[in-house]
Amino acid sequence: MSNKSIHTIFSTAVPLPMENVDTDQIIPARFLKATTREGFGKNLFRDWRYENDNEATPKTSFVLNNPAYKGQILIAGKNFGCGSSREHAAWALKDFGFDVVVSSFFADIFSNNALNNFLLPVKVSDEFLQQLFDAIKEEANTMIRVDLPNQLISIEKTGESENFSINSYKKECLMNGFDDIDYLLNMKKDIEAFEKQIH
Amino acid sequence: MGKTLFDKIWDKHVVSTIEGGPSVFYIDKHFIHEVTSPQAFKGLSKRGLKVFRPQNVVATADHNVPTLNQHLPITEELSRKQVEALKENCAAFGIELYGLGHPYQGIVHVIGPELGITQPGMTIVCGDSHTSTHGAFGTIAFGIGTSEVEMVLATQCLLQTRPKLMRINVEGELQPGVLSKDIILYIISLISASGATGYFVEYAGSAIRSLSMEARMTICNMSIEMGARGGLIAPDETTFRYLEGRQFAPKGEAWDSALQYWKTLSTDHDAKFDQEININAADIEPMITYGTNPGMGVGITHNIPAVDSMSVSDQPSFIKALHYMGLEGGKPIMGQKVDYVFIGSCTNSRIEDLRLVAGFVKGKKKADNVEVWVVPGSKQVEQQAVKEGIDKVFEAAGFQLRQPGCSACLGMNEDKIPAGKYCISTSNRNFEGRQGQNARTLLASPLTAAAAAITGKVADIRELM
């Protein structure tokens, strides 16, 4: 896996103030036919990005096509990542260059998939989410700091900040580049003992 | 304090718990399909691992198989490669595959129950969000991502945090013409597409208990559409009768002892839920969606909500959805012309669904302006339909009875709805582009879909029965 381990991200952000962004929008089903994890970034938000599925005709109104907005942080409306369990959505966001997604609400499966790919989902209050959108609207190159060790997200210019929660196990995994599968593989003996006890 | 049904199953499957973190959670059954498994097998190979418990894994090809001429090689190259990769991986790792041509092939959430693989008290996962379907049997069943598929293949376990619990009680009798699909669409319209995020939902009450197993599966199937991790229903005599005698159900003494355990699987009277919702079954009309998430639904005689009835923060998404759908706020949905009717998907493609539709359609003809696709959930459903003469009813009505697969629910195969066209669909998602680029989906029950097939527009089944 690429880009393992996350500490502090200091970057401009891309605003997507749309609610209920489902994983079919993040990566449409027709791109799920690959058998590898790589290369999904070019089709991220495919049908919101291009007119008639054609890269020659980008939809200028869509934020990813606006050169004013770029960075490692995506800021989205509530209930981001709902719908299909496709991990391809997390792969596409990561492959495109995002390391953090901020929203006031994440769908459960998306959240797990993101964490398993070192894409940090940061859940903030509705109020702070609005502050983020307002700050970026005012100045597209607003710098945002996402500090995982201190579980703090802040807007550099205004100093506005908010704490976010993450379970201590996952935090350690993200900071040290550990996967769940490493942990589980170390548990094999306990799992075998458990199987004997239930059968 | 008493235990909930969920707790009883959960507690039995916790191997250990990490302090301040998730639990190592044991999985009894793991279903896999061609789309979300190839990268997981690659991961195993890269680490030099075997599948830990291949006998607990069942595979089928469903998401991108064609629904016509399944005996021929798949023409679409990437789909063919993915289906072939599944075949190779199953052979290499010793996993049973019910692939194309196998008499058990079908949609993963249709075949598990119909083969008796899904049993009360189990923990079940699959790299597919509609795994919640299996909860109808009193199981903890939920969808997972591909990294998690790899974890379960490697260790038969996942790291899971206990979710919050919600109970939804549906009491009373349903109106004629109202199906379990209408119950779940009604619930989602009430609490929204994110109303149960972070929760596992138990469905209870007299209206739920009166439903058949297939109708219960439809409800649990769409739990994910309100954000829930999964949904479940306590097993009862209906469950046991359904399971008895199925291919993989326990037999003889094993059946008796299983039954004894299954009968303990219900929520204790003094158990507590984090949230409870009460619904009167008689309030539910045939439902239909007008927007681009499954929470955007109304009773069929109601108007589409007006834009100014929405809160200011909800308005941009609402306006975008109506614009995509080509519909107007404040106007009736009844009478809306439709172009396609899709009866299928893991939500509504079982034999009872086909029987209901056939019962209504018999002796009628489809409207000239619609194309009607009926896609059975499995080979077994398809064969049963033929045995009962349902295929002849559909043929006479001008419906196409196709071969099993996920089909136009997500349009990964050739079954796509053209841009701008309206499709009444018995599936589970009306997201933008779900059934094809710029396709417009109206979610409804099989009977409401059948009514649209005959009239060519959105119609109230209660007036046609």
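The paragraphs below walk through the strands, a helix, the nonpolar cores and the cavities of this predicted model.

A good place to begin is strand β2 of chain A, which covers residues 13–16. In this strand, A:Ala13 and A:Pro15 point one way, while A:Val14 and A:Leu16 point the other way. This fits a general pattern, in which side chains of a regular strand alternate between the two faces of the sheet. Both pairs of residues in β2(A) are buried. The partner of β2(A) is strand β3 of chain A, made of residues 73–76, and the two run in the parallel sense with 4 bridges between them. Within this pairing, A:Ala13 is found opposite A:Ile73.

Further along chain A, strand β4 spans residues 100–103 and contains A:Val101. A:Val101 has a relative accessible area of 1%; it counts as buried because this value is under the 20% cut-off. Leaving aside residues up to four places away in sequence, A:Val101 touches A:Leu74, A:Phe80, A:Leu93, A:Phe106, A:Leu119, A:Leu120, A:Pro121 and A:Val122. By contrast, A:Asn186 lies 30 Å from A:Val101, C-alpha to C-alpha, with the two being 85 residues apart in sequence.

Helix α4 of chain A, residues 108–115, is mostly covered, as 7 of its 8 residues are buried. The buried set consists of A:Asp108, A:Ile109, A:Phe110, A:Ser111, A:Asn113, A:Ala114 and A:Leu115. Their packing partners come from both chains. In chain A they are α3 (88–96), β5 (120–123) and α6 (168–176), and in chain B they are β7 (140–143), α5 (146–155) and β10 (199–204).

On a broader view, nonpolar side chains in soluble globular proteins tend to be buried together. The largest nonpolar core of this model comprises 94 residues, and B:Ile95, B:Ile168, B:Tyr203 and B:Met226 have the most contacts inside it. Helix α6 of chain B (residues 180–191) contributes the most to this core, supplying 7 residues. A second core, separate from the largest, holds 84 residues, including A:Trp91, B:Ile304, B:Met325 and B:Phe394.

Finally, the structure encloses 3 cavities of 30 Å³ or more. The volume of the largest cavity is about 210 Å³. Its lining is formed by 22 residues, and B:His63, B:Asp128, B:His130, B:Leu410 and B:Arg434 are the ones nearest its centre. By character, the lining of the largest cavity comprises 8 nonpolar, 10 polar and 4 charged residues.

How values were computed:
Residues are numbered from 1 along each chain as its sequence is written. Chains are lettered from A and ligands numbered from 1 in the order in which they are written. This is a predicted model: local features need pLDDT of at least 70, side-chain atom pairs count only at pLDDT 80 or more; totals for chains, interfaces and linings use all residues. Side-chain values use heavy atoms; hydrogens and water are left out. Buried means under 20% relative accessible area, exposed over 50%, partly exposed in between (1.4 Å probe, protein chains only). Contact means heavy atoms within 4.5 Å. On a 1 Å grid over the protein atoms alone, a cavity is a set of points where a 1.4 Å probe fits but cannot get out, and a pocket is an open set with protein on both sides within 12 Å along at least five of seven lines; lining residues have an atom within 4 Å of a point. Grid points are joined across faces, edges and corners, and a volume is the space filled by probe spheres set on the points. Ala, Val, Leu, Ile, Met, Phe, Trp, Tyr, Cys and Pro count as nonpolar, Asp, Glu, Lys and Arg as charged, and the others, Gly among them, as polar. Two strands pair if DSSP finds at least two bridges between them. A nonpolar core is a set of buried Ala, Val, Leu, Ile, Met, Phe, Trp, Tyr and Cys residues joined through side-chain atoms within 4.5 Å.
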